[in-house]
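These are my notebook entries on a single structure. I set down each look-up in the order in which I made it.

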Amino acid sequence: IKKIESGGDHDFTIGIKIGLRNFWKVLPILVLQKFVIGAALLLTLTNLLWLLRSGDVISAMMYGVAFIILTVLAICAALIAIFAVNAVIIKKATLKEAIMYGWELLLEHWLVNIEMSLALFLSTAIIIAIAILGVLVLSVPLIFFLFVAAIVKAQSIVVALMVFTALLVLV
């Protein structure tokens with residue numbers, strides 16, 4: 001980074017070497033994060049299956065409580081992992097120190113973490129909704145032309161429209 005800031009040229013191989021230097025220190029944090037989030041998801045799905053199987057009010061309440069608690073746990077695990085990875089890379093902390101640093105940072109700045117998580121979630125949801133709406137708006141005329149070309153039996157136009165639609169969706 002210092003080389004790029006001073007006007008030097010960036011090199012991909014140097015970036016790979018720097019990334020590999022921290023890879024084995026960061027990997028356990030990310031595996032632990034995935035394990036905690038996966039366990040929370042599994043427990044939530046277990047409660048959902050129990051609710052679907054029994055269908056009573058107590059199961060619904062237990063599912064609601066478990067969903068809220070385990071969702072908060074998964075979000076906390078994700079935030080702690082982000083802070084812990086930063087501590088490993090920037091402060092050269094050990095695994096235990098990094099996780100403790102992430103936990104302390106989460107507790108110290110919990111309101112900011114909640115606000116930023118909600119802001120990122122809402123902005124991502126809005127962008128996804130706009131993208132889906134854009135694809136739907138663009139797909140209506142293309143589907144119309146595809147049906148017209150199919151009725152006229154113009155295979156080359158059908159193939160061209162299908163390729164154009166696939167490229168449009170990929171972009």
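Is Lys96 buried or exposed? I read a relative accessibility of 66% for Lys96, so I enter this residue as exposed. The model is a predicted one, and I keep that in mind for every entry here. I place Lys96 in helix H4, which covers residues 95–108. I also looked up a distance from Lys96 to Ala84: their C-alpha atoms are 9.1 Å apart, with the two positions 12 residues apart along the chain.

**Entry: Gln33**

I next turned to Gln33, which I find in helix H2 (residues 12–54). Its relative accessibility is 13%, and because the cut-off for buried is under 20%, I record Gln33 as buried. Setting aside neighbours within four places in sequence, I list Ala77, Ala78 and Ala81 as the contacts of Gln33.

**Entry: aromatic pairs**

How many aromatic pairs does a search of the whole structure find? I note two. One is formed by Phe23 and Trp24, with 4.9 Å from centre to centre and 80 degrees between the planes, and I log this pair as edge-to-face. I then checked the exposure of both partners. Phe23 has 37% relative accessibility and counts as partly exposed, whereas Trp24, at 63%, counts as exposed.

Tyr63 and Phe67 also pair: their ring centres lie 6.0 Å apart. Why do I enter this pair as tilted? The planes of Tyr63 and Phe67 stand at 35 degrees, and the stacked class needs planes under 30 degrees apart while edge-to-face needs over 60, so tilted is the class that remains. Both residues belong to helix H3 (residues 57–90), and because they are four residues apart there, about one helical turn separates them. For Phe67 I read a relative accessible area of 41%, which makes this residue partly exposed.

**Entry: second largest pocket**

I then examined the second largest pocket, which holds about 190 Å³ of space. Its lining consists of Val72, Ile75, Cys76, Leu79, Leu106, Trp110, Asn113, Ile114, Ser117 and Leu118. Which elements give two or more residues to this lining? I find H3 and helix H5 (110–152). H5 gives the most, with five residues. Sorting the lining by class, I count eight nonpolar residues, two polar residues and no charged ones.

Methods. Residues are numbered from 1 along each chain as its sequence is written. This is a predicted model: local features need pLDDT of at least 70, side-chain atom pairs count only at pLDDT 80 or more; totals for chains, interfaces and linings use all residues. Side-chain values use heavy atoms; hydrogens and water are left out. Rings of Phe, Tyr and Trp (its six-membered ring) pair if their centres lie within 6.5 Å; planes under 30 degrees apart count as stacked, over 60 as edge-to-face and the rest as tilted. Buried means under 20% relative accessible area, exposed over 50%, partly exposed in between (1.4 Å probe, protein chains only). On a 1 Å grid over the protein atoms alone, a cavity is a set of points where a 1.4 Å probe fits but cannot get out, and a pocket is an open set with protein on both sides within 12 Å along at least five of seven lines; lining residues have an atom within 4 Å of a point. Grid points are joined across faces, edges and corners, and a volume is the space filled by probe spheres set on the points. Ala, Val, Leu, Ile, Met, Phe, Trp, Tyr, Cys and Pro count as nonpolar, Asp, Glu, Lys and Arg as charged, and the others, Gly among them, as polar. Contact means heavy atoms within 4.5 Å.
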